[in-house]
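Please look over the sequence and the model below, beginning with the helix at the start of the chain, and then follow the description outward to the surface and on to a buried charge.

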Amino acid sequence: MTLTQLHYMIVIADTRSLNKAAEQLYVSQPSLTSAMKELENELGVTLFYRSGRGVTLTNDGTEFLLYAKQIYSQYKSVLERYGKGGTYKKKFGVSMQHYSFAVKAFVDMAKEFDMSKYEFAIRETKTVEVIQDVSTMKSELGILYLSDFNRKAMGRLLKSVNLEFHHLIDCQAYVYIWKHHPLAKENSISFEQLEGYPCLSFEQGDNSSFYFAEEILSTNEYSQVIRANDRATMLNLMVGLNGYTLCSGIICEELNGSDYLAVPFRDDAQNPNSVMEIGYVVRKNTILSRMGELYIDKLKQYLDTVY
């Protein structure tokens with residue numbers, strides 16, 4: 001088994017075509033086919049189904065692809081750190097729940113690189129997709145939170161896909177609202193005061209477990225709930241409907257503007273507060289790339305300035 005064979009397999013899986021893969025790799029299709037047959041013979045499994053419509057991964061191929069990506073990713077990280085240049089574009093991706101501070105850290109990280117030489121990706125998405133992206137190495141790392149409510153279930157899920165969680169910061173719950181909301185001048189806001197306003201929540205999918213909710217105190221009973229898919233829509237609903245959401249309280253005004261504020265949530269016996277433990281997830285035994293290390297540093301630097 002060679003690194004070249006692993007690279008070939010990854011590109012074939014991405015393009016789903018031997019012709020397209022051969023063009024991208026600058027090799028002949030017979031050479032590519034021969035390399036894959038040699039790899040399959042060595043492994044003793046069939047990696048691809050071949051048909052007139054292209055190629056698709058077998059079950060064994062899907063499983064092996066994860067290992068191939070991990071090995072080849074580590075190889076590229078070593079080359080990046082110790083090798084001499086190279087013509088390929090280095091890739092870095094991060095998936096996250098909807099946190100403006102995580103976007104801010106990404107911006108600060110990207111500014112330190114010549115972006116013509118890199119392929120960067122940032123994905124604000126559903127919780128389960130954050131986990132899937134990192135487990136399949138679509139993204140190098142993911143940003144999400146744990147709480148007393150979801151910790152056990154999320155821990156089992158992360159373990160099942162070979163991911164580990166690293167702590168960044170602990171936060172209490174805040175009420176995130178428009179600056180002209182009727183409750184904007186309160187020093188703290190209780191659950192009872194929020195009764196007449198719609199609670200805004202990020203959509204997690206039709207059959208999604210409530211353990212995947214991005215909002216703290218997601219198990220409370222809310223008389224009005226509106227679900228949205230993106231942060232811009234959420235902010236528009238705060239203005240248009242005086243909606244609110246419960247969050248970490250970490251607001252990046254540089255990106256979100258100064259029209260929104262976070263007011264401390266005032267708990268009571270029926271609605272106790274809870275701690276959000278925000279952190280990042282990576283595949284176990286993974287060596288972070290230079291971009292990944294710098295991104296984590298930028299996250300920590302920014303969080304140190306606000307907490």
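Helix α1 has 13 residues and spans 18 Å from its first C-alpha to its last, close to the 18 Å expected at 1.5 Å a residue, the expected span being 1.5 Å times one less than the number of residues. Helices here are DSSP runs of H or I with at least four residues, numbered from the N terminus. This is a predicted model, in which local features need pLDDT of at least 70 and side-chain atom pairs count only at pLDDT 80 or more, while totals for chains, interfaces and linings use all residues. Residues are numbered from 1 along each chain as its sequence is written, and side-chain values use heavy atoms, leaving out hydrogens and water.

Within α1, the buried residues (under 20% relative accessible area, 1.4 Å probe, protein chains only) include Leu6, Met9, Ile10 and Ala13. Leu3, also in α1, counts as partly exposed (between 20% and 50%) because its relative accessibility is 33%. Just after the helix, Arg16 takes a positive phi of about 60°.

Leu3 joins Tyr67, Ile71, Tyr75 and Leu79 in a nonpolar surface patch of about 420 Å², to which helix α4, residues 59–82, gives the most, with four residues. Such a patch takes residues with over 30% relative accessible area and no salt bridge, nonpolar side chains being joined within 5 Å.

Asp133 lies in helix α6, residues 127–135. Asp133 is buried yet has no salt bridge (a Lys or Arg side-chain nitrogen within 4 Å of an Asp or Glu carboxyl oxygen), and the nearest side chain of opposite charge, Lys138, is 4.2 Å away.

Technical notes:
Patches are made of residues with over 30% relative accessible area and no salt bridge: like charges are joined within 9 Å, nonpolar side chains (Val, Leu, Ile, Met, Phe, Trp, Tyr) within 5 Å. Accessible areas come from the Shrake-Rupley method with a 1.4 Å probe; for residues, only the protein chains shown count as cover. Helices (H or I, at least four residues) and strands (E, at least two) are DSSP runs, numbered from the N terminus. Lys and Arg count as positive and Asp and Glu as negative; His and the chain ends are not counted.
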